[in-house]
Each structure stands twice: as structure tokens, then as C-alpha cells.
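Open the model in your viewer and keep the selection panel handy. We will go from the whole chain to single residues, one selection at a time.

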Amino acid sequence: MAFGDSLGALATVANLKDGASTTTIESKTNFIGAAPAGTRVVGETTPVHRGRRTMIWQTRVTTAEGKLVAMVMQTQLVL
């Protein structure tokens with residue numbers, strides 16, 4: 001969950017205007033499969049909505065082999 005939340009926050013920061021900041025106002029994680037301890041995971045974050053006051057991101061977390069581990073949907077408030 002923290003990994004997906006961090007990726008969504010970083011994606012928002014990359015899209016902010018100078019002087020703006022962000023915070024997560026909603027986050028939902030669906031765990032699909034296991035990633036044993038020590039497994040390398042990959043996150044891919046895609047914008048669903050990039051608005052003036054909010055941004056919504058969907059993050060897919062997979063193993064390096066492509067097995068889906070989790071889906072994260074989050075809303076970031078632009079401050």
C-alpha cells in the first residue's frame with residue numbers, strides 16, 4: 001500500500017505547478033496475488049484524472065515477471 005501511495009504522490013508532484021503541494025485524500029488497494037519476501041516488485045502509475053484541485057491515479061504493482069500483485073486507486077488533493 002505504501003509503495004502504491006508513494007508512486008501516486010510522486011506522479012502528482014511531477015504534475016504540480018510551482019509552489020503547489022499535495023496530500024492523499026483517498027486510497028484503495030486490492031491485493032491480487034502474493035509477492036514473497038525479497039521479491040522485486042514493479043509499479044506503473046497511470047493518470048485517471050489530472051484536474052486543477054484533484055488528481056486520480058491507478059497503480060499496478062507486479063512482480064518483475066509480470067504477475068499482478070496489487071491494484072491501487074488513489075485521489076490526491078492539490079494544495
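In this tour, helices and strands are DSSP runs, with at least four residues for a helix and at least two for a strand, and they are numbered from the N terminus. With that in hand, read the chain from its N terminus: the elements run α-β-β-β-β. That gives one helix and four strands in the protein chain. Please keep in mind that this is a predicted model.

**Stop 1: the whole chain**

Show the C-alpha trace first. Along the principal axes, the C-alpha atoms fill a box of roughly 40 × 20 × 15 Å. Colour by accessibility next: of the 79 residues in the chain, 27% are buried. If you draw a contact map, look away from the diagonal, since among contacts with a separation of 6 or more, 56% join residues 24 or more positions apart.

**Stop 2: the sheet**

Select residues 22-31 for β1, 41-50 for β2 and 68-78 for β4, then add 54-63 for β3. In what order do the four strands lie in the sheet? The order is β1-β4-β3-β2, in an open sheet with antiparallel pairing. β1 and β2 are the edge strands, each pairing on one side only. On average, neighbouring strands are turned by 20 degrees against each other, with direction ignored.

Now zoom in on β2 and β3. These antiparallel strands are joined by nine bridges and form a hairpin with three residues between them. Two pairs are good to label here. Thr46 stands opposite Gln58 in β3, and Val41 has Thr63 as its bridge partner in β3.

Move across to β3 and β4, which also run antiparallel, with nine bridges between them. Label Val61 and find its bridge partner in β4, Ala70. Then follow the hairpin of these two strands, where four residues lie between them and Gly66 takes a positive phi near 100 degrees.

**Stop 3: the helix on the sheet**

Select residues 2-14, which form helix α1. From first C-alpha to last, its 13 residues reach 18 Å, close to the 18 Å expected at 1.5 Å a residue. Which residues of α1 are buried? They are Gly4, Leu7, Gly8, Ala11 and Thr12. Look down the axis of α1: the buried residues fall within an arc of 135 degrees, so they line one face of the helix. A general point helps here: an α-helix has 3.6 residues a turn, so residues three or four places apart point the same way.

Rotate to the face of α1 turned away from the buried side, and you will find the exposed residues Ala2, Leu10 and Ala14. Turn back again to see what covers the buried residues of α1, including β1, β2, β3 and β4. The helix packs on the sheet and touches those four strands, and the direction of α1 makes about 40 degrees with that of β4.

**Stop 4: the nonpolar core**

Show the side chains of Ala11, Leu16, Met55, Trp57 and Val78. These five residues make up the largest nonpolar core. Centre on Val78 and list its contacts, leaving out residues up to four places away in sequence: Leu16, Ala20, Ser21, Arg52, Arg53, Thr54 and Met55.

**Stop 5: three residues in the strands**

Begin with Thr63, in strand β3. Is Thr63 buried or exposed? Its relative accessible area is 7%, so with the cut-off for buried at under 20%, Thr63 is buried. Beyond neighbours within four places in sequence, Thr63 is in contact with Thr39, Arg40, Val41 and Val69.

Go next to Glu44, in strand β2. Glu44 counts as exposed because its relative accessibility is 52%, and the cut-off is over 50%. Its contacts, not counting residues up to four places away, are Gln58, Thr59 and Arg60. Try a distance label from Glu44 to Leu7: they are 37 residues apart in sequence, and 8.1 Å apart in space, C-alpha to C-alpha.

Finish with Ile25, in strand β1. With residues up to four places away left out, Ile25 touches Thr54, Thr75 and Leu77. For a last distance label, join the C-alpha atoms of Ile25 and Gln74: these residues are 49 apart along the chain, and the separation is 7.7 Å.

Technical notes:
Residues are numbered from 1 along each chain as its sequence is written. This is a predicted model: local features need pLDDT of at least 70, side-chain atom pairs count only at pLDDT 80 or more; totals for chains, interfaces and linings use all residues. Side-chain values use heavy atoms; hydrogens and water are left out. Buried means under 20% relative accessible area, exposed over 50%, partly exposed in between (1.4 Å probe, protein chains only). Contact means heavy atoms within 4.5 Å. A nonpolar core is a set of buried Ala, Val, Leu, Ile, Met, Phe, Trp, Tyr and Cys residues joined through side-chain atoms within 4.5 Å. The expected span of a helix is 1.5 Å times one less than its number of residues. The arc is that of the directions from the helix axis to the C-beta atoms. Two strands pair if DSSP finds at least two bridges between them. Axes are lines fitted to C-alpha atoms, for helices over the stretch in contact, and angles run from 0 to 180 degrees between N-to-C directions.
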